[in-house]
Amino acid sequence: MRVTVIMPAKNEAEGLRQTLPRLHAQLPEAELIVVDDGSSDGTALVASEAGSRALTSPYSMGNGAAIKRGARAASGEVLVFMDADGQHDPAHIPLLLAKLDEGYDMVVGARDGSGQASAGRSAANAFYNKLASWMTGKPIADLTSGFRAVRADKFREFLHLLPNGFSYPTTITMAFFRSAYPVAYVPIPVAKRIGRSHIRPIRDGLRFLLIIFKIATLYSPLKLFAPTGAAFFLLGLGYYGYTYTTQGRFTNMSALLFSAAVIIFLIGLISEQITSLTYKQERT
């Protein structure tokens, strides 16, 4: 099958100078697409001079937006996504493709400890992996890895769900699990990135907190809302027991907690139905 390698890049000229020659040597027949996300350092020129196809944006639209543009333009039956900062070794691509040949629809390169930029991000990623594994009932080794190989037709089914920001790996992973497309993980080492990271700890830390809720709503909202509703119900029941014992009455606070439990549970049911409709395939 024809392979297309897609690399989103924002001010990654130096990383591309080192990565693209190795890519050409590793996959001489593959289509290489570099999506320049509004760079100011000649990223597109470096990509073109190295023999890759460069897609340019007049301004930065985000990592996810670059991924979507590259996926729409690709001609390959298999899409390989990797970073342009030198962290991902092209020599590991055959490992992903070999696993894909075993019948999987997506294969993700799972980073080892060397691939985490800091202890904080390592702990956050471990928490995301545990949460996503609980939601799906499947072991997820690396929820946020940007190094993956996927069948193009399956990937394009979910383009409308992908955000323009950095959380596209989370979205596409949960979408595949929800749609019963088999996903595999291959452990890989990751090198230190070339150049400066585009992630901002405070801004992106707050944004990644939202990923926790997005993981739940993407896969099975009721798994999030049902326990929350049950917690409110038990809290209301406990408070009612306390007030009945000490005051002999049913208070407004108990009524509020019971009402909140019912409302949260019903919101979960509605969200579950909306999620099911989101993944329903329209057939003509």
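Two residues are in contact when heavy atoms of theirs lie within 4.5 Å. Keep that in mind as you load this one up, and remember that you're looking at a predicted model.

**Whole protein first.** Show everything as a cartoon and you'll find 10 helices and 7 strands. Now think about contacts between residues at least 6 apart in sequence: 74% of those join residues at least 24 apart. Of the 284 residues, 49% count as buried. Switch on the surface, and you have about 14000 Å² of accessible area, with 61% of that belonging to carbon and sulfur atoms.

**Next, select serine 39.** Look in the loop that runs between β2 (31-36) and α2 (43-49). Show side chains here. Which side chains make a polar contact with the side chain of serine 39? One is aspartate 36, at 2.5 Å. Another is threonine 43, at 3.4 Å. Then leave out the neighbours within four places in sequence and see what else touches serine 39: you'll land on Ala9, Lys10 and Asn11.

**Now head over to tyrosine 242.** You'll find this residue in helix α9. Add Tyr239, Met253 and Leu256 to the selection, and you've got a nonpolar patch on the surface, made by these three with Tyr242. Together the four have about 420 Å² of accessible area. Which elements give two or more residues to the patch? Colour α9 (222-246) and α10 (252-278), since those are the ones to look at.

Terms used
Residues are numbered from 1 along each chain as its sequence is written. This is a predicted model: local features need pLDDT of at least 70, side-chain atom pairs count only at pLDDT 80 or more; totals for chains, interfaces and linings use all residues. Side-chain values use heavy atoms; hydrogens and water are left out. Patches are made of residues with over 30% relative accessible area and no salt bridge: like charges are joined within 9 Å, nonpolar side chains (Val, Leu, Ile, Met, Phe, Trp, Tyr) within 5 Å. Accessible areas come from the Shrake-Rupley method with a 1.4 Å probe; for residues, only the protein chains shown count as cover. A salt bridge is a side-chain nitrogen of Lys or Arg within 4 Å of a carboxyl oxygen of Asp or Glu. Helices (H or I, at least four residues) and strands (E, at least two) are DSSP runs, numbered from the N terminus. Buried means under 20% relative accessible area, exposed over 50%, partly exposed in between (1.4 Å probe, protein chains only). A polar contact is a pair of N or O atoms within 3.5 Å; within protein, one must be able to donate a hydrogen and the other to accept it, and residues adjacent in sequence count only if both atoms are side-chain atoms.
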